[in-house]
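Grab a pencil and work through the exercises below with the structure open beside you. Each one sets a task and then walks through the solution step by step.

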Amino acid sequence: MTATTDERIARATLSRAVEPGDEHAGRWLRHHGATGFLDRLLHPGDDPFPGTGAKRVDGWRRRATAAEPARDLDTVHRLGGRFLIPGDIEWPRQLDDLGHARPLGLWLRGPADLRTWALRSVALVGARACTPYGAHIAAELATGLAREGWVVVSGAAYGIDGAAHRGALAAGGATVAVLACGVDTPYPRGHGGLIGRIAEQGLVVGELPPESHPTPSRFILRNRVIAALTRGTVVVEAQHRSGSLGTARAAARLGRHTMGVPGPVTSALSAGVHELLRGDATLVTDAQEIVELVGDMGELAPARRGPVLPRDLLAPATAHILEAVPARGPTPTTVIARRAGTTPDDTLVKLYELHSLGFVERHEAGWQLTNTATQRSNARRGDT
């Protein structure tokens, strides 16, 4: 790590004083640095922060005065974690794209290197009250991404988030949970075990110091970190008013890929995703399609096509004669030739070929279609 101890302590103090995403504080932080910002806050002159409201500054000062940075740093260290700040080798530089809303620092639990993981990561987000379809798709996408060597990032909430984390873990893959509270305060409580597993096998990340509790605004602001950390955001299920859509919009503003998984058009839980897809988002249905968008050049999803039928393998001239054979009743060669617009001799040659392949049968009155092509004829045609 290259950041100074004073800078780390100052930022740990300010993480208590300043709410995540506060651009007023971010502006002054860029101007004065963390130690200079804190010094002006605790030892103010006549107007330490021109243009910033006195009420806002007073709130910063009261919370900074009450902060115990040494205690917070000790708490996270006892959990096997650390406090990451800009200037550290592990700091993900893509967070700088947030400008003045960049996190003051990140509290981490887990053994992995965040900067390395973030370089090859995808956010999977969606509804808390998801459908079984949504949970299944989220788990399948996460499992597929993990097997492709990608890190799955989400918010550890119920529903799609939890399914995404579990899918990655089940595949033995990497996953990151970005919390809207302290990393020592599992939320929701029902996901305490899941968050514990993520801390052991992956990373648990938060902007707020230990013992901090979530609020509605913190959830919304947390989403910008998920969007900035990752190469792209996939929304699996979301209503029109959804924090998940906010994550996707934040990703779009930052120049990241935005993707959506379609659901039933009658489902309110997919309505927000469909609206997203009507805009600039890309429709995806599996992990390979996601990787094609966010991955390196040449990481293409396989071409999608329907099954190859035996008649698809016929030469064009032979297929043309087959199309001229009526669906019902034996038909003379001359009639088939007239329908096909070719000579009776050429037609007869192609009819015998079709007969050998099992497509037509010969009767005294002429030729007619068989019900199914034989297995032998399909294999034979494939060998030619």
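**Exercise 1. Find how many helices and strands the protein chain has, and work out whether it is spread out or a compact globule.**

Step 1: Count the elements. The protein chain has 16 helices and 11 strands. Here helices (H or I, at least four residues) and strands (E, at least two) are DSSP runs, numbered from the N terminus.

Step 2: Know what you're looking at. This is a predicted model, where local features need pLDDT of at least 70 and side-chain atom pairs count only at pLDDT 80 or more, while totals for chains, interfaces and linings use all residues. Residues are numbered from 1 along each chain as its sequence is written, and side-chain values use heavy atoms, with hydrogens and water left out.

Step 3: Compare with the globule rule. For 384 residues the rule gives 21 Å, but the radius of gyration is 31 Å, well over that, so the protein chain is more spread out than a compact globule. (The radius is taken over C-alpha atoms, and the rule is 2.2 Å times the number of residues to the power 0.38.)

Step 4: Check the box. Along the principal axes, the C-alpha atoms fill roughly 110 × 40 × 35 Å.

Step 5: Look at burial. Of the 384 residues, 51% are buried; that means under 20% relative accessible area, with exposed over 50% and partly exposed in between (1.4 Å probe, protein chains only).

Step 6: Look at the contacts. Among those between residues at least 6 apart in sequence, 68% join residues at least 24 apart. Contact means heavy atoms within 4.5 Å.

**Exercise 2. Work out how helix α1 is oriented relative to helix α2, and which residues meet there.**

Step 1: Take the axes, which are lines fitted to C-alpha atoms, for helices over the stretch in contact; angles run from 0 to 180 degrees between N-to-C directions. Those of α1 (residues 5–17) and α2 (residues 23–42) come within 10 Å and cross at roughly 75 degrees.

Step 2: Name the arrangement. That angle makes α1 roughly perpendicular to α2. (Under 35 degrees is roughly parallel, over 145 roughly antiparallel, 65 to 115 roughly perpendicular, and the rest oblique.)

Step 3: Pick out the residues. α1 brings Asp-6, Glu-7, Ala-10, Arg-11, Thr-13 and Leu-14, and these meet Leu-29, Ala-34, Thr-35, Phe-37, Leu-38 and Leu-41 of α2.

Step 4: Sort them by class. The contact of α1 with α2 has 7 nonpolar, 2 polar and 3 charged residues. Ala, Val, Leu, Ile, Met, Phe, Trp, Tyr, Cys and Pro count as nonpolar, Asp, Glu, Lys and Arg as charged, and the others, Gly among them, as polar.

**Exercise 3. Do the same for helix α14 and helix α15.**

Step 1: Get the geometry. α14 (residues 333–340) and α15 (residues 344–356) pack with axes 9 Å apart, at an angle of about 105 degrees. These two are therefore roughly perpendicular to each other.

Step 2: List who touches whom. Thr-333, Ile-336 and Ala-337 of α14 make the contact with Pro-344, Thr-347, Leu-348 and Leu-351 of α15. By class, the contact of α14 with α15 has 5 nonpolar, 2 polar and no charged residues.

**Exercise 4. Place Arg-61 and Arg-102, and decide whether each is buried or partly exposed.**

Step 1: Start with Arg-61, which sits in helix α3 (residues 54–66). Its relative accessibility is 23%, so Arg-61 counts as partly exposed.

Step 2: Leave aside neighbours within four places in sequence, and Arg-61 is in contact with Leu-41, Pro-44 and Pro-48.

Step 3: Move to Arg-102, in the loop between β1 and β2. With a relative accessible area of 19%, Arg-102 is buried. Beyond four places in sequence, the contacts of Arg-102 include Arg-11, Arg-30 and Trp-91.

**Exercise 5. Track down what is unusual in the backbone at Pro-188, Ala-156 and Glu-211.**

Step 1: Recall the background. Most residues other than glycine have a negative phi, and most peptide bonds are trans.

Step 2: Check Pro-188, in the loop between β5 (175–179) and α8 (192–201). The peptide bond from Tyr-187 to Pro-188 is cis, with omega near 0 degrees.

Step 3: Check Ala-156, in the loop between β4 (151–154) and α7 (160–170). Phi of Ala-156 is positive, near 65 degrees, and at 0% relative accessibility Ala-156 counts as buried.

Step 4: Check Glu-211, where phi is also positive, near 75 degrees. With a relative accessible area of 41%, Glu-211 is partly exposed.
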